[in-house]
Amino acid sequence: MNGNSPYADITYEIDAAAAIITINRPHRYNAFTGKTVEELVRAFRAAWADTRVSAIILTGAGDKAFCTGGDVKQRAETGDYGPTESGMFEIGYLHKLIRDVPKPVIAAVNGVAVGGGHVLHVLCDLSIAAEHATFGQAGPRVGSFDAGFGSAYLARVVGEKRAREIWFLCRRYDAATAERWGLVNYVVPADQLMTEAKAIAAEIAEKSPTALRFLKQSFNADTDHQAGLSNMAMSALEIFVHTDEGREGAQAFAEKRPAEFGRYVTA
């Protein structure tokens, strides 16, 4: 933990009417462990309960990465995403919390948003990207997947063909492409990213919080059934990462070599 802060992997601050939650693991490109996820859950719940907060900004430390998803090096070392206080890896709960918190959540994408980090920004209500930000999925490349909100809801955002391309090809897309596809709302110079995010949070603070709560719940109602897919996907992923195929993806990533997935193709 940092001094008197209750957080070690993130920072949490209140700026005017905005709660700013920053994933603070730049040495791992802001990849998250189980502990990171627990701290994110705690921070989002704090922002939910704080009557001073009208909007929440989620970002990453540094200028290289917003978030690169689960810490694959940790998974290669220990077979999981590290110890947690609850004994559980609560990424599925974090996804639902971002959707359920009755305040708009703004992703300020300050660099690479890939894998589970890409899912986090997709789930936010608004996304603002720095000009150098890049977007994409990596799951099938490293023996992982998100068959819940990360795929089904993504298809609602960018359309079926593009969502399938993002997952099946695992390419990187620049910020201009992300804006053109409707994956982000705005693209701004890097040095203006947080200024713009705070300005949008200030605009939100001028609006009726009750109206915003109902509007967010109305938007979510159309895709809430995907929570069932998310539950099933997280259960499946928990099993899959312990298979030889899942371990091969993480090990290959850690060893910086191409994964040998060919042996796992079935009829």
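**Note on two sheets, their helices and the nonpolar cores**

1. In this predicted model, G136 lies opposite R172 of β9. This pairing belongs to strand β8 (residues 134–136) and β9, which run antiparallel to each other and are joined by three bridges.

2. Strands β8 and β9 are part of an open sheet of four strands, in the order β4-β6-β8-β9, and the pairing in it is mixed. Its edges are β4 (65–67) and β9 (172–174), each of which pairs on one side only. From one strand to the next the twist averages 25 degrees. Helix α4 packs on this sheet and touches β4, β6 (112–114) and β8, with its direction at about 80 degrees to that of β4.

3. Helix α4 deserves a point of its own. Seven of its eight residues are buried, so α4 is largely enclosed by the rest of the structure. The buried residues of α4 are G117, H118, V119, L120, H121, V122 and L123. Two histidines, H118 and H121, are thus among the buried residues.

4. One helix neighbour of α4 (residues 116–123) is α6 (residues 149–158): the two pack at an angle of about 50 degrees, and their axes are 10 Å apart. That angle makes α4 oblique to α6, since it falls outside the ranges for roughly parallel (under 35 degrees), roughly perpendicular (65 to 115) and roughly antiparallel (over 145). The crossing of α4 with α6 is left-handed. On the α4 side the contact involves H118, V119, V122 and L123, and on the α6 side F149, G150, Y153, L154 and V157.

5. Helix α3 (residues 91–100) also packs against α4, at an angle of about 20 degrees and with the axes 9 Å apart. With that angle α3 is roughly parallel to α4, because the cut-off for this term is under 35 degrees. Here the crossing is right-handed. From α3 the residues in contact are L94, H95, I98 and R99, and from α4 they are V119, L120 and L123. V119 and L123 of α4 appear in the contact with α3 and also in the contact with α6.

6. The other sheet to check is open and has six strands, ordered β1-β2-β3-β5-β7-β10, again with mixed pairing. Strands β1 (10–15) and β10 (186–188) form its edges, each pairing on one side only. Neighbouring strands are turned against each other by 20 degrees on average, direction ignored. At one end of the order, β1 and β2 (residues 18–23) pair in the antiparallel sense over six bridges, and Y12 stands opposite I21 in β2.

7. Strand β5 pairs with β3 in the parallel sense over three bridges, and L58 has A107 in β5 as its bridge partner. With β7 (residues 126–130), β5 also pairs in the parallel sense, over four bridges; in that pairing A108 stands opposite I128 of β7.

8. How many of the five residues of β5 are buried? Five of the five are, so β5 is largely enclosed by the rest of the structure. V105, A107 and V109 point one way from the strand, while I106 and A108 point the other way; all of these are buried. In a regular strand, side chains alternate between the two faces of the sheet.

9. Helix α1 (residues 34–49) lies across β1, β2, β3 (55–60) and β5 (105–109), and runs at about 15 degrees to β1. The largest nonpolar core has 50 residues, of which F44, I56, L58, L94, L120 and F135 touch the most other members. The largest share of this core, six residues, is supplied by α1.

10. Leaving aside residues up to four places away in sequence, F44 touches I21, I56, L58, L94, L97, I98, V101 and V105. Several of these have come up above: I21 as the residue opposite Y12, L58 as the bridge partner of A107, and L94 and I98 in the contact of α3 with α4. V105 is one of the buried residues of β5.

11. A further core of 15 residues lies apart from this one and includes A18, I57, I106 and I128. I106 points from β5 the opposite way to V105, and V105 is in contact with F44.

Key: Residues are numbered from 1 along each chain as its sequence is written. This is a predicted model: local features need pLDDT of at least 70, side-chain atom pairs count only at pLDDT 80 or more; totals for chains, interfaces and linings use all residues. Side-chain values use heavy atoms; hydrogens and water are left out. Two strands pair if DSSP finds at least two bridges between them. Axes are lines fitted to C-alpha atoms, for helices over the stretch in contact, and angles run from 0 to 180 degrees between N-to-C directions. Contact means heavy atoms within 4.5 Å. A nonpolar core is a set of buried Ala, Val, Leu, Ile, Met, Phe, Trp, Tyr and Cys residues joined through side-chain atoms within 4.5 Å. Buried means under 20% relative accessible area, exposed over 50%, partly exposed in between (1.4 Å probe, protein chains only). A crossing is left-handed if the near helix is turned anticlockwise from the far one by less than a right angle, and right-handed if clockwise.
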